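Here is my note on the structure you sent round. Please read it with the model open beside you.

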Amino acid sequence: MPSAPVKLSRGDSVFDSGYGGFNGGARWLKEFAFPFLCSLSGDEGNGEICSGHEICDCIIPEAGPPTPLTGLANFPGRARLSGGGVSFVANWFCLPCPCRALQKGKHVVLNRRVVMVKAKSNFDETEVDISLSTRVDAVKPSKALAITDQATALAQAGVSVIRLSIGEPDFDTPAVIIEAGLNAIREGYTRYTPNAGTLELRQAICHKLKGDEVIIPCPFYVSYPEMARLADATAVIVPTRISDNFLLDPKHLESKITGRSRLLILCSPANPTGAVYPKKLLEEIAQIVAKHPRLLVISDEVYEHIIYAPATHTSFASLPGMWDRTLTVNGFSKTFAMTGWRLGYVAGPDHFVAACGKLQSQFTSGASSISQKAAVAALGLGYAAGEIVSTMVKSLRERRDFLVQSFKEMDGVKISEPQGAFYVFIDFSSYYGKEIEGFGIIDNSESLCRYLLDKAQVALVPGSAFGDDNCIRISYAESLSTLQLATKRIKKALRSPSNL
């Protein structure tokens, strides 16, 4: 056995030829666990493995006492395991973030691995075609989720990371909604529901939509272009400017419409900018849309009640002639702090909604019965959920005001004050092109976000994920004290004379 640990890479073999406590006959057919830096001896191995099984993969699922590490894949290579000469293939999934912490001499809280074990085939193995379809392969992963996952990994490794990358309210789901969900479980309401949703919930949504004005986010949410690609369509991006508060210029829109144009996606209040479209501007856009019989509109309204006066909400579908060509999309995640309940809805002309139902019947066969009961309770709280949501919006406005004022004080920073949602989209491009000792050159929004995560331990989302590489998105769906600490860290990282 090697005298010193070596790195075991994906696909390396650990040969089974008689060592320690790994004797044949154990019953660990699914998984076994062992200490992170074990030598695979009987005392430290914490389990046995059957002859005729393979180690398939390995993850780091839980934390333990702080352990000083010199690398993430330290492991005695070619360890001697018993069981009749069977080779075990280990695929290690190493986390890049803690490695950075290790290089700084920090202690990382990681001490257990889980190894999945599968039966070894007795047949001649042939190479499996693992290629993906061209359409799926063309889809890009979400940068917002990627940097959030990276920040989560750092936090689990003991690094004090502030996560301002994800759009999730830090408020609890209102108690009346939680109770409705619990009652649904207690009363056995856990069966399939109609594909289109329960009649009770659909009636509640219809009642809510009568006379209501819906907020339509602007067309630059990170997933929109990828949705177009999945539909085998071409995404045509119409830029907006921070000097116009990120609002779409109707003349610019009109110049982009062709005979192939089928769909316009609007967003207000907007993710990532927080921009809110005034009614007059929406009416100008509606006049342009009305000239093109093939052009439909998707109105994403998930932030409809998170809006700051004097801004007001106008539903695009409520404008003259727009109901017949508008699909209004909404959900419960933001307004009601129900991100984990995973429930949304679409409202529009019968024939379009019926087509949506047909597609859903082949994908999910309907939404969660429990979530639908909770949603009925949420809509029962009244317009904009009454005092519960108004209290949340008041708190969010205070956070917005703090961030806007704080970043306005910084030289070279451009900011448009958000009128809704809970994001600020700040232009930091004046920092591009600068070289930072120990990091390198900041040349775009992604490298700036990497630097701030590494230097300040604050997770943000690069503007390139939303189509504007000059900016960075900051979510203020965190407590004011957390935002104050995050702002202090960001300013320190960007103002340090030794760095910039």
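The points below take up confidence, the two sheets, a pocket and some backbone details.

1. **Overall confidence.** This is a predicted model. The protein averages a pLDDT of 75. A score of at least 70 is reached by 72% of the residues. Please keep these values in view when reading the later points.

2. **Confidence by element.** Strand 3, residues 31-35, has the lowest confidence, with a mean of 30. Strand 14, residues 423-427, has the highest, at 97. Strand 14 is also a member of the sheet ordered 13-14-19-18.

3. **Low-scoring stretches.** Over residues 1-117, pLDDT stays under 50. The model still has 254 contacts beyond four places in sequence for that stretch. Residues 212-217 also stay under 50. For residues 212-217, the count of contacts beyond four places in sequence is 46.

4. **The antiparallel sheet.** Four strands form an open sheet in the order 13-14-19-18, and the pairing is antiparallel. Which strands stand at the edges? They are strand 13 (414-415) and strand 18 (461-462). Each has a single partner strand, so one side of each lacks a neighbour in the sheet.

5. **One pairing in that sheet.** Strand 18 runs antiparallel to strand 19, residues 471-475. The two are joined by 2 bridges. To find the register, look at Pro 462, which stands opposite Ile 472 in strand 19.

6. **The mixed sheet.** A further open sheet of 4 strands has the order 9-10-11-12. Its pairing is mixed. Strand 9 (263-267) and strand 12 (344-347) are the edge strands. Each pairs with a single strand, and therefore one side of each is left without a neighbour in the sheet. On average, neighbouring strands here are turned by 20° against each other, direction ignored.

7. **A parallel pair.** Within the order 9-10-11-12, strand 10 (residues 296-300) pairs with strand 11 (residues 326-331) in the parallel sense. How many bridges does this pairing span? The count is 4. Val 297 stands opposite Thr 326 in strand 11.

8. **The second largest pocket.** Its volume is about 230 Å³. The lining has 17 residues. Closest to the centre are Lys 208, Leu 379, Gly 382, Tyr 383 and Ala 384. By class, the lining holds 8 nonpolar, 6 polar and 3 charged residues.

9. **What supplies the lining.** Helix 6 (199-209) and strand 11 each give at least two residues to the second largest pocket. Which element gives the most? Helix 6 does, with 3 residues. Strand 11 is the parallel partner of strand 10, which links this pocket lining to the mixed sheet.

10. **Cis peptide bonds.** The bond from Ser 268 to Pro 269 is cis, with omega near -5°. Pro 269 lies in the loop between strand 9 and helix 9 (279-289). Ala 309 and Pro 310 are also joined by a cis peptide bond, and omega there is about 15°. Pro 310 sits in the loop between strand 10 and strand 11.

11. **A positive phi.** Where is Ser 365 found? It belongs to the loop between helix 10 (350-363) and helix 11 (369-379). Phi of Ser 365 is near 60°. That is a positive value in a residue other than glycine.

Note on methods:
Residues numbered from 1 in each chain as written. Predicted model: local features only at pLDDT ≥ 70, side-chain atom pairs only at ≥ 80, totals over all residues. Heavy atoms only, no water. Pairing = 2+ DSSP bridges. Axes fitted to C-alpha atoms, helices over the stretch in contact; angles between N-to-C directions. 1 Å grid on protein atoms, 1.4 Å probe; cavity = no way out; pocket = protein on both sides within 12 Å on 5 of 7 lines; lining within 4 Å. Points joined across faces, edges and corners; volume = space filled by probe spheres on them. Nonpolar A, V, L, I, M, F, W, Y, C, P; charged D, E, K, R; others polar. pLDDT = per-residue confidence, 0-100. Contact = heavy atoms within 4.5 Å.
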